[in-house]
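Q: Could you take me on a close look at one part of this protein, the place where its domains meet, and then show me how the pieces around it are built?

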Amino acid sequence: MSDRIPLPPLVFAPLLKRIRWGGRKLGDVLGKPIGDESDYAESWEVADQDGNESRVASGRLAGISLPELIATASESLLGTQVGMNQFPLLIKYLDANDWLSLQVHPNDFLARQFGSRERGKTECWVILQADPGAKICCGLKRGVTTEQLQTGLEVAVSDPSSHLLEDLLHIYPVEAGDCVFVPAGTIHALGPGILLAEIQQQSNLTFRLYDWGKLGSDGQPRPVHIQESLTCTDFARGPVFPVVAQQLCDQEHGFEELVRCEYFVVRRHTSLHAFSLLSDGRFRILMTLAGSGTVDTSTGAEALLQGGTVLLPACCERIRVRPEERLQILEITCP
Ligand SMILES: [Zn+2]
């Protein structure tokens with residue numbers, strides 16, 4: 001493979017993760033190849049981590065890993081972002097059927113302070129389905145101090161019936177279509193009954209504050225990292241609500257910009273009719289949230305199927321999305 005050879009649109013084999021809080025919607029709703037178990041929690045769609053490297057699912061590049069593509073076709077894949085030695089974003093679908101642990105991620109600076117080779121983690125969630133009343137935690141109530149949180153965590157462990165901890169957290173119901181932006185340093189947790197798309201920095205650095213009294217798959221409580229968590233938490237941030245999308249339009253269609261931060265830009269397109277996407281020398285990731293269609297580009301075409309993810313290398317030009325029915329996709333780029 002040479003850097004001169006333009007890459008076609010890429011679909012990777014999903015990396016499925018079974019965790020106690022998972023369910024069956026990754027298969028039943030999003031068409032992932034799950035087995036008989038009822039704990040399918042995460043589908044890693046685009047990943048570049050040791051032991052978790054996405055591989056092309058089919059076509060002439062089948063079996064080639066994302067790091068191999070970066071090593072051999074960096075310019076075609078990354079375009080203006082050439083020079084990166086790791087793919088910058090981690091893209092997942094999640095099926096939460098129970099409370100996930102209460103957690104926080106460091107920012108890039110603190111990740112380095114902890115001696116980690118990983119970057120920090122800012123993430124964003126786009127809710128695909130939510131059972132009535134399904135809740136998330138995102139942020140602390142305004143004014144909560146380190147001491148209050150520490151006490152809340154201690155009381156929660158010694159007296160699980162106490163509501164002291166929950167009273168400090170910003171917990172609220174979400175609906176399908178909500179997008180929640182979770183900057184590094186924001187304490188968060190997902191509750192049961194939520195299927196979502198997750199866009200995050202390529203990092204696996206998580207500090208756990210509390211596991212709601214639940215046990216890990218080995219029957220033991222999972223470790224918590226209180227001091228690290230308190231160090232990473234941005235106590236000034238307060239409660240975090242769903243984003244208010246910015247409405248944009250071009251000659252052909254209207255769309256929404258959900259998030260624009262220093263790590264990623266997330267736009268949501270909903271259309272019955274064909275529309276073009278910008279090609280600007282950056283790679284783009286398309287996640288199909290609903291409906292079906294195709295994406296045509298200068299280097300090839302790929303099907304858009306609900307629950308699928310397509311990586312358009314930076315070399316793809318003349319990008320045309322053709323819905324077969326009402327299609328809703330996320331378009332994810334780096335800024
Ligand atoms: Zn997280």
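A: Happy to: here is a walk from the domain contact to a helix, a set of strands and two loop residues. Please keep in mind that this is a predicted model, in which local features need pLDDT of at least 70 and side-chain atom pairs count only at pLDDT 80 or more, while totals for chains, interfaces and linings use all residues. Residues are numbered from 1 along each chain as its sequence is written.

The domain assignment gives domain 1 (15–232) and domain 2 (246–333); such bounds come from an automatic or database domain assignment. Their C-alpha centres are 24 Å apart. Across the boundary, 24 residues of domain 1 are in contact with 22 residues of domain 2, where contact means that the C-beta atoms, placed from the backbone, lie within 7 Å. On the side of domain 1 that touches domain 2, at least two residues each come from β2 (40–46), α3 (74–78), β5 (89–96), β7 (123–130), β10 (179–182) and β12 (194–201). Helices (H or I, at least four residues) and strands (E, at least two) are DSSP runs, numbered from the N terminus. Sorted by class, that side of domain 1 holds 15 nonpolar, seven polar and two charged residues. Here Ala, Val, Leu, Ile, Met, Phe, Trp, Tyr, Cys and Pro count as nonpolar, Asp, Glu, Lys and Arg as charged, and the others, Gly among them, as polar.

Strand β7 also holds W125. W125 counts as buried because it has 24 C-beta neighbours inside 10 Å. The scale is simple: buried is 20 or more other C-beta atoms within 10 Å of a residue's own, exposed is 12 or fewer, and partly exposed is in between, with C-beta atoms placed from the backbone. Leaving out residues up to four places away in sequence, W125 touches C179, V180, V182, L196 and E198.

Next comes helix α5, residues 146–158. Its 13 residues should span 18 Å at 1.5 Å a residue, and the end C-alpha atoms are 19 Å apart, which agrees; the expected span is 1.5 Å times one less than the number of residues. Within α5, L149, G152, L153 and A156 are buried. They cover an arc of only 95° around the axis, so they sit on the same side of α5, the arc being that of the directions from the helix axis to the C-beta atoms. An α-helix has 3.6 residues a turn, so residues three or four places apart point the same way. The buried residues of α5 pack against β8 (135–140), β13 (207–210) and α6 (226–232), whereas E147 and S158, on the other side, are exposed.

Now to strand β19 (residues 292–297), whose covered face is G293, V295 and T297 and whose uncovered face is S292, T294 and D296. β19 pairs with β20 (residues 300–305) in the antiparallel sense over six bridges; pairing requires at least two bridges found by DSSP. The two form a hairpin with two residues between them, and T297 stands opposite G300 in β20. β19 is also joined by four bridges to β22 (residues 319–323), again antiparallel, with T294 opposite R322.

Finally, two loop residues. Most residues other than glycine have a negative phi. W212, in the loop between β13 and α6, has a positive phi of about 55°, and R318, in the loop between β21 (309–312) and β22, has one of about 45°. W212 counts as partly exposed because it has 16 C-beta neighbours inside 10 Å, while R318, with 11, counts as exposed.

Notes: Two residues are in contact if their C-beta atoms, placed from the backbone, lie within 7 Å.
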